[in-house]
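Please open the model in your viewer and keep the sequence panel visible beside it. The tour below moves from one selection to the next and says what is found at each stop.

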Amino acid sequence: MRCDDRRRDQDRARAAPGRGCGSTPRRRRGRSQRAKRHLRADRGDPRLGDAGIALICDAGPLYAYVDSDDAHHASCLELLQVHPGPLVVPTLVITEVAYLIATRLGWQAEVRFLGDLAGGNFAVEPLHAADPVRIAELVGEYRDLPLGTVDASVIAAAERLGATEVATLDRRHFSVVRPRHEVALALLP
């Protein structure tokens, strides 16, 4: 196939959403997947060293702010827009959110979420060398919940950064876990 033919086929696939080669028709919703909003890239956030006001983000609120049909969309979007501190997202959370968005809302919504990450709306927190050990300890200690790897990575990041606030919709897990640095975490929204 020549380049011109390939380009023409790609243009046709773009013109007829959901009708490209090998794709299935997409489910349409009555309104857009995400309400129009701007999480400002430069929100005047303090550096991450001021972790006392950092908000560690779990997957639930990040998914909910993207999906305008989610029951928690408005409260999560408002929290992420108005919280004064840096919005810290552990890398394992990004993987979970991207998967949920892609499988439930489609690749376009996933690309918008990744654009927010790239635009500086969130501070991506890498996995540190000691984190896997702490994550394993937490998963083992709370095996009866069960506490999964991603949730444990949120706790480990909060402990390491000294953060006391976590954005989560998962009250069942996060209200039970006792971090090393605090009696309990403040769960928002």
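**First stop: helix H5**

Select H5 and look along its length: at 1.5 Å a residue, its 12 residues should span 16 Å, and because the end C-alpha atoms are 16 Å apart, the expected span and the model agree. Bear in mind throughout that this is a predicted model.

Now color the residues of H5 by burial, where the buried ones turn out to be Ala109, Phe113, Asp116 and Leu117. These buried residues cover an arc of only 105° around the axis, which means that they sit on the same side of H5. A general rule of helices helps in reading this pattern: an α-helix has 3.6 residues a turn, so residues three or four places apart point the same way. Turn to the other side of H5, and there you will find Trp107 and Ala118, which are exposed.

What covers the buried residues of H5? Show the surroundings, and the cover is seen to include helix H2 (59–66), H4 and strand S3 (123–125). Before leaving, step past the end of H5 to glycine 120, which follows the helix and has a positive phi, near 85°.

**Second stop: H4 against H5**

Add helix H4, residues 91–105, to the selection of H5, residues 107–118; the two helices pack at an angle of about 150°, and their axes are 7 Å apart. Since angles over 145 degrees count as roughly antiparallel, H4 is therefore roughly antiparallel to H5. To see the contact itself, display the side chains of Ile94, Val97, Ala98, Ile101, Ala102 and Leu105 on H4, together with Trp107, Ala109, Glu110, Phe113 and Leu117 on H5. Sorted by class, the contact of H4 with H5 has 10 nonpolar residues, one charged residue and no polar ones.

**Third stop: valine 166**

Move next to strand S4, residues 165–167, and select valine 166 within it. Is valine 166 buried or exposed? Valine 166 is buried, with a relative accessible area of 0%. Leaving aside residues up to four places away in sequence, valine 166 touches Leu55, Ile56, Val154, Phe174, Leu185, Ala186, Leu187 and Leu188. One of these can be checked with a distance tool: valine 166 and alanine 186 are 20 residues apart in sequence, while their C-alpha atoms are 6.2 Å apart in space.

**Last stop: the whole chain**

Finally, zoom out to the protein chain, which has eight helices and five strands. Followed from the N terminus, these elements run α-β-α-α-β-α-α-β-α-α-β-α-β. Of the 189 residues in the protein chain, 41% are buried.

How values were computed:
Residues are numbered from 1 along each chain as its sequence is written. This is a predicted model: local features need pLDDT of at least 70, side-chain atom pairs count only at pLDDT 80 or more; totals for chains, interfaces and linings use all residues. Side-chain values use heavy atoms; hydrogens and water are left out. Axes are lines fitted to C-alpha atoms, for helices over the stretch in contact, and angles run from 0 to 180 degrees between N-to-C directions. Helices (H or I, at least four residues) and strands (E, at least two) are DSSP runs, numbered from the N terminus. Angles under 35 degrees count as roughly parallel, over 145 as roughly antiparallel, 65 to 115 as roughly perpendicular and the rest as oblique. Contact means heavy atoms within 4.5 Å. Ala, Val, Leu, Ile, Met, Phe, Trp, Tyr, Cys and Pro count as nonpolar, Asp, Glu, Lys and Arg as charged, and the others, Gly among them, as polar. The expected span of a helix is 1.5 Å times one less than its number of residues. Buried means under 20% relative accessible area, exposed over 50%, partly exposed in between (1.4 Å probe, protein chains only). The arc is that of the directions from the helix axis to the C-beta atoms.
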